[in-house]
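Here are my notebook entries from a first look around. I kept them short, so follow along at your own pace.

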Amino acid sequence: MPLKNYYRVKNQCIKSNLHYLLLLMLCLFSLTSFESTAQVQPNLGQTDRLMEKGKEALESAEYEKANYYFREIIKSGVPIPSEMPYFFAETLFALKQFDNSANFLNKYLQLNGFKADYYDEAKGLQKRLVAPLNEIRSCSFCDIKGYRYQTCSKCEGKKVIEQDCHYCKGKGIVGCSRCKATGLITKKNIFDQTEYFQCERCEGKGRLVCPFCKGSLKENSDCNSCDGFGKVHSDEICDHQEEKESI
């Protein structure tokens with residue numbers, strides 16, 4: 001075979017092999033993409049069913065049940081139906097979770113604007129939220145979300161607790177910094193000789209009474225459970241009324 005023909009045949013074989021390899025890679029990529037898409041495909045049918053159940057529960061005044069269904073939609077991680085925040089806001093309002101209701105209502109209006117299917121109803125809910133939200137803001141018995149404060153069980157509302165002194169670690173004494181806890185001070189005389197003297201500060205003891213706790217071993221500091229507030233958050237919806245002491 002002439003050398004020229006040999007190289008032409010060889011080049012054709014190489015091109016043919018490359019073409020086959022590219023087709024094989026394309027098939028593998030398509031198969032992988034299909035499998036990945038199938039794995040992450042959200043279960044939109046399940047979301048629709050949860051949505052319908054939530055709306056039915058809301059219409060039947062079964063607010064706790066509606067709350068459960070709407071929260072399941074959020075937990076599922078799939079795209080949330082555009083009208084869901086409105087229905088969830090109505091549910092939360094009925095459960096007196098006014099701050100959460102306002103948050104979801106605002107989200108609904110931000111996403112859908114005045115073209116929202118339930119725009120008029122949403123604006124009506126917005127007006128109904130004004131009074132309870134103002135009550136929350138002016139109440140000293142609850143946090144900004146409307147949940148009642150409870151007395152901190154650790155400090156019993158005193159805001160501070162007694163604990164080991166942080167400076168001496170509950171020992172009541174600390175090493176003397178002047179003599180480095182040795183009780184002796186060294187000095188060089190005129191002959192460059194080292195002389196030892198009793199430390200006047202600690203009287204040769206090498207230690208001092210803790211200047212922070214004065215030897216009591218304890219200190220009073222802000223309670224770390226309530227950060228010195230004396231109260232902690234709870235899951236109880238506040239009625240904005242002072243609790244009556246039990247007899």
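I began with a yardstick: buried means under 20% relative accessible area, exposed over 50%, and partly exposed in between, with a 1.4 Å probe and protein chains only. This is a predicted model, where local features need pLDDT of at least 70, side-chain atom pairs count only at pLDDT 80 or more, and totals for chains, interfaces and linings use all residues. Residues are numbered from 1 along each chain as its sequence is written, and side-chain values use heavy atoms, leaving out hydrogens and water.

**Cysteines.** I looked up C176 and found this residue buried, at a relative accessible area of 2%. C199 is buried too, at 0%. Then I searched for disulfides (pairs of cysteine sulfur atoms within 2.5 Å) and the structure holds 0. For C176, the nearest cysteine sulfur belongs to C179, 3.7 Å away. C199 has its closest cysteine sulfur in C202, and I noted no bond there because 3.7 Å is too far.

**S138.** Next I went to helix α6, residues 119–138, where S138 lies; helices are DSSP runs of H or I, at least four residues, numbered from the N terminus. Is S138 buried or exposed? I put S138 down as exposed, because its relative accessibility is 62%. A polar atom of its side chain lies 3.1 Å from the backbone oxygen of N134. I also checked H240, 102 residues away along the chain: its C-alpha atom is 9.1 Å from that of S138.

Technical notes
Helices (H or I, at least four residues) and strands (E, at least two) are DSSP runs, numbered from the N terminus. A polar contact is a pair of N or O atoms within 3.5 Å; within protein, one must be able to donate a hydrogen and the other to accept it, and residues adjacent in sequence count only if both atoms are side-chain atoms.
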